[in-house]
Amino acid sequence: KGGAAGRENQIAWYDRSGMLLSPVGAAGPVFNPAISPDGKSVVFRRNSSAGADLWLRDLARGTETRFTSDVSINNTPFWSPKGDRIVFASNRNGGVYNLFQKAASGSGQDEAILTNGNSKLVSQWSRDGRFIVYCESNRKNKFEIWVLPVEGPAEERKPVPYLQTEFNELMAQLSPDGHWMAYTSEQSG
């Protein structure tokens, strides 16, 4: 919380060759940027001494608005494919990271969509909008890959384990066609 608050990062645009095109906003304690599906906004985490909130930056106007305002750490934001909602992890209400979502307009309340005693970090919202891919810690403090269905009746929106091993597996990403999953693992050391 405190140590990362002062770290300076810069969100920026680069071309495909790696050449810097332009900075996006001011440098500061900013992390986890995610561009909206229409390319008009970016959501990111900004650390402070009180925690970390998510902010939205309108890329055309150059304005920023606070997206979350809870005394906690809000982390790993991802847009829904339609760009109407943002899912994120937050450690409010008990200290472990749980999954929340909120309308991308910033209106309404943060809605808890998955809470339990294990910390979770969002990895992706599938392109078809049907699943949220996330990593969840287990009893041995190792991260496993899970998939949360977000469409259909409530009884069908239960977490499904995707990969559970003795190693940490993180940053899972579904292929565009939804048939493959890429992820990072410590299995090879």
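**Exercise 1. Which residues do ring pairs link into a cluster?**

Work out how the cluster is put together in this predicted model.

*Solution.*
- Step 1: Start with the total. The whole structure holds 2 aromatic pairs.
- Step 2: Take Phe67 and Phe88. Their rings sit 6.4 Å apart, centre to centre, with 75° between the planes, and the pair is edge-to-face. Planes over 60 degrees apart earn that label.
- Step 3: Place the two residues along the chain. Phe67 belongs to the loop between β6 (63-66) and β7 (74-79) and Phe88 to strand β8, so their pairing ties together parts that are 21 residues apart in sequence.
- Step 4: Check the surroundings. Phe67 is buried, because its relative accessible area is 2%, under the 20% cut-off. Phe88 is buried too, at 0%.
- Step 5: Now look at Phe88 and Phe100. This pair is stacked, with 6.0 Å between the centres and 20° between the planes. Here strand β8, home of Phe88, is linked to strand β9 (residues 98-103), home of Phe100, across 12 residues.
- Step 6: Finish with Phe100, which is buried at 5% relative accessibility.
- Result: ring pairs join Phe67, Phe88 and Phe100 into a cluster.

**Exercise 2. How confident is the prediction, and where is confidence lowest and highest?**

*Solution.*
- Step 1: Read the overall score. The average pLDDT is 90, and 96% of the residues reach at least 70.
- Step 2: Find the extremes. Helix α1 (residues 2-5) has the lowest confidence, with a mean of 46, while strand β8 (residues 85-90) has the highest, at 96.
- Step 3: Draw the lesson. Predicted coordinates should not be read in detail where pLDDT is low.

**Exercise 3. Describe three of the salt bridges, and say whether each partner is buried or partly exposed.**

*Solution.*
- Step 1: Recall the idea. Side chains of opposite charge can pair when their charged atoms come close. The count for this structure is 10 salt bridges.
- Step 2: Look at Arg57 and Glu64. Their closest N and O atoms are 2.9 Å apart. Arg57 is buried, at 15% relative accessibility, whereas Glu64 is partly exposed, at 28%.
- Step 3: Move to Arg92 and Asp70, which meet in a salt bridge at 3.8 Å, N to O. Arg92 lies in the loop between β8 and β9 and Asp70 in the loop between β6 and β7, so the pair links parts of the chain 22 residues apart. Arg92 is buried because its relative accessible area is 9%, while Asp70 is partly exposed at 26%.
- Step 4: Turn to Arg85 and Asp84, with 3.9 Å between the closest N and O atoms. Arg85 is partly exposed at 27%, and Asp84 is partly exposed at 39%.
- Step 5: Look for shared partners. Salt bridges connect Asp70, Arg92, Lys102 and Asp110 into one network.

**Exercise 4. Which residues form a nonpolar patch on the surface, and what does Leu170 touch?**

*Solution.*
- Step 1: The patch consists of Trp13, Leu21 and Ile35, and together they have about 290 Å² of accessible area.
- Step 2: Focus on Trp13. This residue is part of strand β1 (residues 9-14) and is partly exposed, at 35% relative accessibility.
- Step 3: Now visit Leu170, in strand β15 (residues 169-174). Leu170 is partly exposed, with a relative accessible area of 28%.
- Step 4: List its contacts. Leaving aside residues up to four places away in sequence, Leu170 touches Cys135, Phe143, Tyr183 and Thr184.
- Step 5: Try a distance. From Leu170 to Asp58 is 29 Å, C-alpha to C-alpha, and the two are 112 residues apart in sequence.

How values were computed
Residues are numbered from 1 along each chain as its sequence is written. This is a predicted model: local features need pLDDT of at least 70, side-chain atom pairs count only at pLDDT 80 or more; totals for chains, interfaces and linings use all residues. Side-chain values use heavy atoms; hydrogens and water are left out. Helices (H or I, at least four residues) and strands (E, at least two) are DSSP runs, numbered from the N terminus. Buried means under 20% relative accessible area, exposed over 50%, partly exposed in between (1.4 Å probe, protein chains only). Contact means heavy atoms within 4.5 Å. Patches are made of residues with over 30% relative accessible area and no salt bridge: like charges are joined within 9 Å, nonpolar side chains (Val, Leu, Ile, Met, Phe, Trp, Tyr) within 5 Å. Accessible areas come from the Shrake-Rupley method with a 1.4 Å probe; for residues, only the protein chains shown count as cover. A salt bridge is a side-chain nitrogen of Lys or Arg within 4 Å of a carboxyl oxygen of Asp or Glu. pLDDT is the predictor's confidence in each residue, from 0 to 100. Rings of Phe, Tyr and Trp (its six-membered ring) pair if their centres lie within 6.5 Å; planes under 30 degrees apart count as stacked, over 60 as edge-to-face and the rest as tilted.
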